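I opened the notebook to work through a new structure. The entries follow the order in which I looked things up.

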Amino acid sequence: MNSSSPEPSLRDYLLGSPAGNAAGQPAPPRQSGRWRVERDLLDRSDGTQGTFSGVVIFTSVDDGGLALREEGTMRWPAFTGPASREYVLKPAGRPDALDVFFPDGRPFHRMGFTPDASLDTHWCDPDTYRVSYSRQGPEAFSYSWDVTGPRKDLLLVSHLERIPE
């Protein structure tokens with residue numbers, strides 16, 4: 001029999017597992033998780049490269065999902081300055097995945113690390129966005145977007161590390 005504890009849900013992983021208190025009792029669940037993000041940006045159509053550096057904050061919401069806010073600095077040959085975005089993550093009916101929505105409620109893609117939840121596709125007429133997630137351990141994960149179509153030919157690779165409390 002396997003005595004190890006089960007993997008936490010994706011939601012719990014993103015929020016982080018707080019340590020127990022001095023009496024050994026479990027701590028109440030965290031309400032937010034903070035991650036440092038470094039993203040490499042490549043426009044394959046002309047070789048243009050850029051970066052994004054910042055912070056991603058996952059905040060617990062009442063429906064069991066998460067609000068995601070990313071903010072930082074984008075560096076692109078024609079622009080250097082602040083950049084941000086927001087998404088809504090909702091329970092996907094399974095603990096190892098979350099469904100990602102745009103702030104206006106339109107569906108975007110599924111997020112997860114297990115083989116059957118780590119890859120997804122989003123059609124944004126006329127281009128196709130393919131995402132791949134990979135967990136590097138309890139404190140780091142990455143994902144990449146491969147965007148192809150008549151308007152875009154991009155590779156966006158993001159690496160996230162948990163910011164200690």
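**Entry 1: layout.** What pattern does the chain follow when read along the sequence? I noted first that the model is predicted. I then read off α-β-β-β-β-β-β-β-β-β-β along the chain. The secondary structure comes to 1 helix and 10 strands.

**Entry 2: the chain as a whole.** I looked up burial next, and 36% of the 165 residues count as buried. For the surface I found about 9600 Å² exposed, with carbon and sulfur atoms supplying 54% of it. I also checked contacts between residues at least 6 apart in sequence, and 36% of these join residues at least 24 apart.

**Entry 3: the largest pocket.** How many residues line the largest pocket? I found 33 residues in the lining, and Arg 39, Arg 85, Tyr 87, Trp 145 and Leu 156 lie nearest the centre of the pocket. I wrote down a volume of about 610 Å³ for this pocket. Sorted by kind, the lining residues are 24 nonpolar, 4 polar and 5 charged. I asked which element gives the most to this lining, and strand E4, residues 79-91, does so with 5 residues.

**Entry 4: the largest nonpolar core.** Nonpolar side chains tend to be buried together in soluble globular proteins. I looked for such a group here, and the largest nonpolar core has 28 residues. The residues with the most contacts inside this core are Leu 14, Phe 58, Leu 89, Met 111 and Phe 141. I picked Met 111 for a closer look. Leaving out residues up to four places away in sequence, Met 111 touches Leu 10, Leu 14, Leu 89, Asp 96, Ala 97, Leu 98, Val 100, Ala 117, Tyr 133 and Phe 141.

**Entry 5: a peptide bond.** Is the peptide bond from Asp 125 to Pro 126 cis or trans? I read it as cis, with omega near 10 degrees. I placed Pro 126 in the loop between strand E7 (119-124) and strand E8 (127-137).

**Entry 6: Glu 165.** I found Glu 165 in the segment after strand E10 (153-162). Is Glu 165 buried or exposed? Glu 165 has a relative accessible area of 68%, and exposed means over 50%, so I entered this residue as exposed. I then looked up what Glu 165 touches: Arg 30 and Ser 32, not counting residues up to four places away in sequence. Last, I checked Glu 165 against Gly 16, which is 149 residues apart from it along the chain. The C-alpha atoms of Glu 165 and Gly 16 are separated by 9.4 Å.

Terms used. Residues numbered from 1 in each chain as written. Predicted model: local features only at pLDDT ≥ 70, side-chain atom pairs only at ≥ 80, totals over all residues. Heavy atoms only, no water. Helix = DSSP H or I, 4+ residues; strand = E, 2+ residues; numbered from the N terminus. Buried < 20%, exposed > 50% of the residue type's maximum accessible area, 1.4 Å probe, protein only. Contact = heavy atoms within 4.5 Å. Areas by Shrake-Rupley, 256 points an atom, 1.4 Å probe, with all protein chains shown as cover. 1 Å grid on protein atoms, 1.4 Å probe; cavity = no way out; pocket = protein on both sides within 12 Å on 5 of 7 lines; lining within 4 Å. Points joined across faces, edges and corners; volume = space filled by probe spheres on them. Nonpolar A, V, L, I, M, F, W, Y, C, P; charged D, E, K, R; others polar. Core = buried A, V, L, I, M, F, W, Y, C linked by side-chain atoms within 4.5 Å.
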